[in-house]
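These exercises walk through a predicted model. Each one sets a task and then works through the solution step by step.

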Amino acid sequence: MQSAADDPEQLLDEERQWCAPWGGSEDGARCDKCQGRGRTGFECWSCVLTGTNPECPACHGRVRYESECPVCRGTGEVQGRPRRGVSAFPTAEGLYHYLLATEAELVGLLVELDAEPSGEVDFDADQGAILVIPTAIQNVRPMQPEAIDTIRSLSEQ
Ligand SMILES: [Zn+2]
Ligand SMILES: [Zn+2]
């Protein structure tokens, strides 16, 4: 998702390919996502909503599993420094679900990218988000509010 006011081509600008946690979590604070356990449950919403995909770049077909917490990288303390990459989802469905869950406003542009994995873990990897280095912009279209009701009903099943 990209603000409608921003040029999607900015995603190809190397200096902008960094991701910081929402809400500016303090580096070294106890990790809220895993309550300091260092591990948390992952749900790949792209695969939950569109079917298990063994080639899914977020979960590789695991869909629901437990793994190292992405916010603290298993340490129990927030690793809040910006990470290399642009936050993305393998499918639009996964993105829509994420935005609904975070109660973000669904306004802006849906940008489809060609991209390589950045090698870093997204702060919301447990929701199926991935950090990528975009290499090309495939398609730009408005967010589709009509898709929201479908995602909402699928998510509740
Ligand atoms: Zn997946
Ligand atoms: Zn954690």
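**Exercise 1. Find the residues at the centre of the contacts in the largest nonpolar core, and the elements that supply this core**.

Step 1. The largest nonpolar core holds 14 residues. Those that touch the most other members are Phe 89, Leu 95, Tyr 96, Leu 99, Leu 110, Met 143 and Ile 151.

Step 2. Now sort the core by element. Two or more residues come from each of H1, helix H2 (92-101) and helix H3 (145-155).

Step 3. H2 gives the largest share, five residues.

**Exercise 2. Decide how far H2 is enclosed by the rest of the structure**.

Step 1. A residue is called buried when its relative accessible area is under 20%.

Step 2. In H2, the residues that meet this condition are Gly 94, Leu 95, Tyr 96, His 97, Tyr 98, Leu 99 and Leu 100.

Step 3. That is seven of the ten residues of H2, so the helix is largely enclosed by the rest of the structure.

Step 4. Look also at what comes after the helix. H2 is followed by Glu 103, which has a positive phi, near 55°.

**Exercise 3. Describe the site of the zinc ion (ligand 1): its donors, its geometry and the parts of the chain it involves**.

Step 1. List the donors. The SG atoms of Cys 44, Cys 47, Cys 56 and Cys 59 coordinate the zinc ion (ligand 1) at 2.3 Å.

Step 2. Check the angles. Four donors count as tetrahedral if all angles lie between 85 and 135 degrees. Here the four donor atoms subtend angles of 102 to 116°, so the arrangement is tetrahedral.

Step 3. Read the spacing along the chain. For the zinc ion (ligand 1), the donors follow C-x2-C-x8-C-x2-C.

Step 4. Place two of the donors. Cys 47 belongs to helix H1 (residues 45-50), while Cys 59 is in the loop between H1 and strand E3 (64-68); the pair therefore ties together parts that are twelve residues apart in sequence.

Step 5. Check burial. Cys 47 has a relative accessible area of 4% and is buried. Cys 56 is buried at 2%, and Cys 59 is buried at 0%.

**Exercise 4. Do the same for the zinc ion (ligand 2)**.

Step 1. The donors are the SG atoms of Cys 31, Cys 34, Cys 69 and Cys 72, at 2.3 Å from the zinc ion (ligand 2).

Step 2. The angles between these four donor atoms run from 105 to 119°, which makes this arrangement tetrahedral.

Step 3. The spacing of the donor residues of the zinc ion (ligand 2) is C-x2-C-x34-C-x2-C.

Step 4. Cys 31 lies in the loop between strand E1 (18-19) and strand E2 (39-43), and Cys 69 in the loop between E3 and strand E4 (83-84). This pair links distant parts of the chain, 38 residues apart.

Step 5. Both Cys 31 and Cys 69 are buried.

Step 6. With so many cysteines listed, how many disulfides are there? A disulfide needs two cysteine sulfur atoms within 2.5 Å. By this rule the count is zero.

**Exercise 5. Work out the order and pairing of the three-stranded sheet**.

Step 1. The strands of this open sheet come in the order E5-E7-E6, with antiparallel pairing.

Step 2. Strand E5 (86-88) and strand E6 (109-117) are the edge strands, as each pairs on one side only.

Step 3. Neighbouring strands are turned by 50° against each other on average, direction ignored.

Step 4. Count the bridges. E6 and strand E7 (residues 130-142) are joined by nine bridges, and E5 and E7 by three.

Step 5. Pick out some partners. Leu 113 stands opposite Ile 137 in E7, and Leu 110 has Arg 141 of E7 as its bridge partner. Val 86 stands opposite Val 132, also in E7.

**Exercise 6. Locate two residues with an unusual sign of phi**.

Step 1. Recall the background: most residues other than glycine have a negative phi.

Step 2. Gln 35, not a glycine, has a positive phi of about 55°. Gln 35 sits in the loop between E1 and E2.

Step 3. Arg 73 also has a positive phi, near 50°. The place of Arg 73 is the loop between E3 and E4, and with a relative accessible area of 30% Arg 73 is partly exposed.

Note on methods
Residues are numbered from 1 along each chain as its sequence is written. Chains are lettered from A and ligands numbered from 1 in the order in which they are written. This is a predicted model: local features need pLDDT of at least 70, side-chain atom pairs count only at pLDDT 80 or more; totals for chains, interfaces and linings use all residues. Side-chain values use heavy atoms; hydrogens and water are left out. Donors are N, O and S atoms within 2.8 Å of the metal (3.2 Å for Na, K and Ca); water is not among the atoms, so sites may look incomplete. Four donors count as tetrahedral if all angles lie between 85 and 135 degrees; four count as square planar and six as octahedral if opposite donors are over 155 degrees apart and all others between 65 and 115; anything else is irregular. Helices (H or I, at least four residues) and strands (E, at least two) are DSSP runs, numbered from the N terminus. Buried means under 20% relative accessible area, exposed over 50%, partly exposed in between (1.4 Å probe, protein chains only). Two strands pair if DSSP finds at least two bridges between them. Axes are lines fitted to C-alpha atoms, for helices over the stretch in contact, and angles run from 0 to 180 degrees between N-to-C directions. A nonpolar core is a set of buried Ala, Val, Leu, Ile, Met, Phe, Trp, Tyr and Cys residues joined through side-chain atoms within 4.5 Å.
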